Amino acid sequence: MSETGRVRGVIVGHGQMPQGLVDAVRRIAGDAAQALEAVSNDGKGPDLLRSDVDAAAGEGPAIVFVDLQTGSCGAAAAYACRGAERRAVICGVNLPMLLDFVFHRELALDALVTRLVESGRAAIKAAPLAR
Amino acid sequence: MPIVLYRVDERLVHGQVVIGWGSQLHPDRYVVVDDDLSQSQWEQDLYRLGAGGAEVVFSGCTEARGRLAEWRDAPQRTILLTRDVATMSRLAEGGALNGESIVLGGVHPAPGRREALTYVHLTEKEMADLAVIAAAGADVFGGDLPDSQRVDLDHLRRRWNSSN
């Protein structure tokens with residue numbers, strides 16, 4: 001399928017977490033991880049982080065996945081996506097959400113955001129353990 | 001209750017401040033002194049998300065100088081933040097921060113800045129401003145988190161000088 005119109009993903013977070021998530025998606029989903037780009041806040045001030053997120057999101061539709069809503073990463077994502085109709089921000093990124101993302105990038109942005117928030121939440125649960 | 005922390009940090013209300021410092025200092029209120037942010041409701045709302053339930057007050061620098069005594073005398077435990085040295089320097093004019101401790105946190109690389117610490121980068125003007133603040137009676141030091149090693153201004157300046 002052509003890349004045209006498909007949603008790209010940018011993961012912005014603390015330290016090595018963004019690249020670690022991309023690596024994890026690659027190990028599970030292979031080349032589908034190419035839809036994701038990692039942006040670390042390491043050593044970056046707010047302006048540089050914001051411009052890196054903006055550049056990674058590119059011209060097409062994009063979702064910026066953030067580890068923490070509050071703080072420098074969440075702020076950079078909010079600044080980079082403010083007023084941009086073809087960008088969205090999802091906070092509290094996790095691996096199940098990203099795996100769902102890479103296989104459903106053809107969805108409309110709004111529908112995809114709704115889906116990913118639900119799939120990310122649904123993946124958080126206590127495991128049943130034999131006692 | 002005195003203001004429990006004065007901090008220069010470009011990221012203002014963020015994890016290191018709210019979780020790192022906040023978990024030890026238990027602030028009731030953050031005062032963000034910044035002329036631009038004091039005029040931007042959208043950005044204020046964004047920063048309030050990160051305050052963990054504490055009150056967040058945004059103030060221009062001139063207003064803040066007039067309210068320092070009020071904040072110091074109030075019962076709330078307050079952390080005062082600026083995102084640059086210049087604003088802290090203006091706040092400190094006339095000895096207004098005499099006897100206070102000012103912590104330098106996230107001041108990141110930018111054109112004209114040299115590294116003093118991995119998390120503090122300063123221009124010559126900023127280094128000179130810090131010297132003025134210290135000469136006016138404030139204790140200026142580097143410290144990203146409360147448990148990390150305190151780096152005094154003299155040491156910080158030597159490292160900055162050697163990073164030419």
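Two strands pair if DSSP finds at least two bridges between them. The exercises below apply this to a predicted model.

**Exercise 1.** Determine in which sense strand 2 and strand 4 of chain B pair, and over how many bridges.

*Solution.* Strand 2 of chain B covers residues 29–33, and strand 4 of chain B covers residues 78–82. Four bridges link the two strands, and the sense is parallel. Within this pair, Val32(B) has Leu81(B) of strand 4 opposite it.

**Exercise 2.** Place the pair in its sheet and find which strands stand at the edges.

*Solution.* The sheet of chain B is open, with seven strands in the order 3-2-4-1-5-8-9 and mixed pairing. Strand 3 (55–59) and strand 9 (151–152) of chain B each have a single partner strand, so one side of each lacks a neighbour in the sheet. Helix 4 of chain B (residues 85–92) lies across strands 1, 2, 4 and 5 of chain B. The helix runs at about 120° to strand 4 of chain B.

**Exercise 3.** Classify the crossing of helix 1 and helix 4 of chain A, and list the residues that meet there.

*Solution.* Two packed helices are described by the angle between their axes and the distance between the axes. For helix 1 (residues 17–29) and helix 4 (residues 95–102) of chain A, the axes come within 10 Å and cross at roughly 55°. The two helices are therefore oblique to each other, and their crossing is right-handed. From helix 1 of chain A, Leu21(A), Ala24(A), Val25(A), Ile28(A) and Ala29(A) meet Leu95(A), Leu98(A), Leu99(A) and Val102(A) of helix 4. By class, this contact has nine nonpolar, no polar and no charged residues.

Methods: Residues are numbered from 1 along each chain as its sequence is written. Chains are lettered from A and ligands numbered from 1 in the order in which they are written. This is a predicted model: local features need pLDDT of at least 70, side-chain atom pairs count only at pLDDT 80 or more; totals for chains, interfaces and linings use all residues. Two residues are in contact if their C-beta atoms, placed from the backbone, lie within 7 Å. Axes are lines fitted to C-alpha atoms, for helices over the stretch in contact, and angles run from 0 to 180 degrees between N-to-C directions. Angles under 35 degrees count as roughly parallel, over 145 as roughly antiparallel, 65 to 115 as roughly perpendicular and the rest as oblique. A crossing is left-handed if the near helix is turned anticlockwise from the far one by less than a right angle, and right-handed if clockwise. Ala, Val, Leu, Ile, Met, Phe, Trp, Tyr, Cys and Pro count as nonpolar, Asp, Glu, Lys and Arg as charged, and the others, Gly among them, as polar.
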